[in-house]
Amino acid sequence: MKFLCTSLLLLTALALSGCSTVGESSSRTASPSAINLQQMQVRKGTVGRRKEFPLRAKYITVHSTSNRGATALQHARGMANGAFRGRSRWNRTGYVTWHFTVDDRVAIQSLPLNIQGEHADHDGPGNRSSIAIEICEFRDARRQAAAVDRAARLTAWLLNEKGLSLSRVVPHYHWPQHRFGGNKKPCPRIFMTRGRPGPRWQQFLRKVDGYR
Ligand SMILES: [Zn+2]
């Protein structure tokens, strides 16, 4: 999501004070505690939740931020503060929103799982039927690998929670931009090979499967 960049530049140093850890410690590799899942939900009735559309999730859509170096906390704080305005006239809420942002240290939930985000395809089936995960991008390979690993655990946990099969994990690329001639976004770009899902995407799916 390239349009996040400018908004994020406006963000200053951020404190973790708004986060609270959920879940008890558990030996399960895909548990909220193993994921270090924290909450910083957009307040109901504000910014991206002024207008809400109910969600019964059938898919999990995976993105990467296209915003190298910015953390999950920066994204979550920006979303809660309404920093990411939806630029397209087909954005239904006026804001870009999604459910989880994951980096090398933490996963932060920004939307309840029963509310649609505005992350994939405007009023298309991607937004209407999927939970969205944004994976943070890092130049440092070790940080990137840690973020990907955490995202795989989170995805596995969500599949288990929702009773969904691995085939329901899709890249943003999966949802054609029906408002823009069916164009397919090369996202998550960290998993693209020549602009489409390839071996790196398959490797991510195998990792998710391993944590189920
Ligand atoms: Zn995307």
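At what angle do α5 and α6 pack, and how far apart are their axes? The angle is about 55°, and the axes lie 8 Å apart. This is a predicted model. The protein has 6 helices and 9 strands. Of its 212 residues, 43% count as buried. Among contacts with a separation of 6 or more, 68% link residues 24 or more positions apart.

**The α5–α6 pair**
- α5 and α6 pack at about 55°, and are therefore oblique to each other.
- Their crossing is right-handed.
- On the α5 side, the contact is made by V148, A152, T155 and A156.
- On the α6 side, F204, K207 and V208 make the contact.

**The nonpolar core**
- In soluble globular proteins, nonpolar side chains tend to be buried together.
- Here the largest nonpolar core has 48 residues.
- Within this core, V102, A107, I133, I135 and L154 touch the most other members.
- Several elements each supply at least two residues of this core, including the helices α3 (72–80), α5 (141–162) and α6 (199–210).
- The strands β3 (59–64), β4 (100–102), β5 (107–109) and β6 (130–135) also each supply at least two.
- α5 gives the most to this core, with 9 residues.
- Beyond its neighbours within four places in sequence, I135 is in contact with V62, H63 and S64.
- The other such contacts of I135 are V102, A147, V148, A151, P188 and I190.

**Strand β3**
- In β3, 6 of the 6 residues are buried, so this strand is largely enclosed by the rest of the structure.
- Both faces of β3 are covered.
- Y59, T61 and H63 are buried on one side, and I60, V62 and S64 are buried on the other.
- β3 and β6 run parallel and are joined by 6 bridges.
- H63 has E134 as its bridge partner in β6.
- β3 also runs parallel to β7 (residues 169–171), with 3 bridges between them.
- In β7, V170 stands opposite T61.

**S110, a buried loop residue**
- S110 sits in the loop between β5 and α4 (125–129).
- With 25 other C-beta atoms within 10 Å, S110 is buried.
- S110 and A76 are 34 residues apart along the chain, yet their C-alpha atoms are separated by 6.2 Å.
- Outside the neighbours within four places in sequence, the contacts of S110 include M40, Q41 and V42.
- S110 is also in contact with A76, M79 and A80, and with T97, W98, H99 and T101.

**Backbone exceptions**
- Most residues other than glycine have a negative phi, and most peptide bonds are trans.
- A cis peptide bond joins C187 and P188, with omega about 0°.
- P188 lies in the loop between β7 and β8 (192–193), and is among the residues in contact with I135.
- S66 is not a glycine, but its phi is positive, near 55°.
- The loop between β3 and α3 holds S66.
- S66 has 19 other C-beta atoms within 10 Å, so S66 is partly exposed.
- H122 is another residue other than glycine with a positive phi, about 60°.
- H122 is placed in the loop between β5 and α4.
- H122 counts as buried, because 20 C-beta neighbours lie inside 10 Å.

Definitions and conventions. Residues numbered from 1 in each chain as written. Predicted model: local features only at pLDDT ≥ 70, side-chain atom pairs only at ≥ 80, totals over all residues. Core = buried A, V, L, I, M, F, W, Y, C linked by C-beta atoms within 7 Å. Buried ≥ 20, exposed ≤ 12 C-beta atoms within 10 Å, placed from the backbone. Helix = DSSP H or I, 4+ residues; strand = E, 2+ residues; numbered from the N terminus. Contact = placed C-beta atoms within 7 Å. Pairing = 2+ DSSP bridges. Axes fitted to C-alpha atoms, helices over the stretch in contact; angles between N-to-C directions. Parallel < 35°, antiparallel > 145°, perpendicular 65-115°, else oblique. Left-handed = near helix turned anticlockwise from the far one by under 90°.
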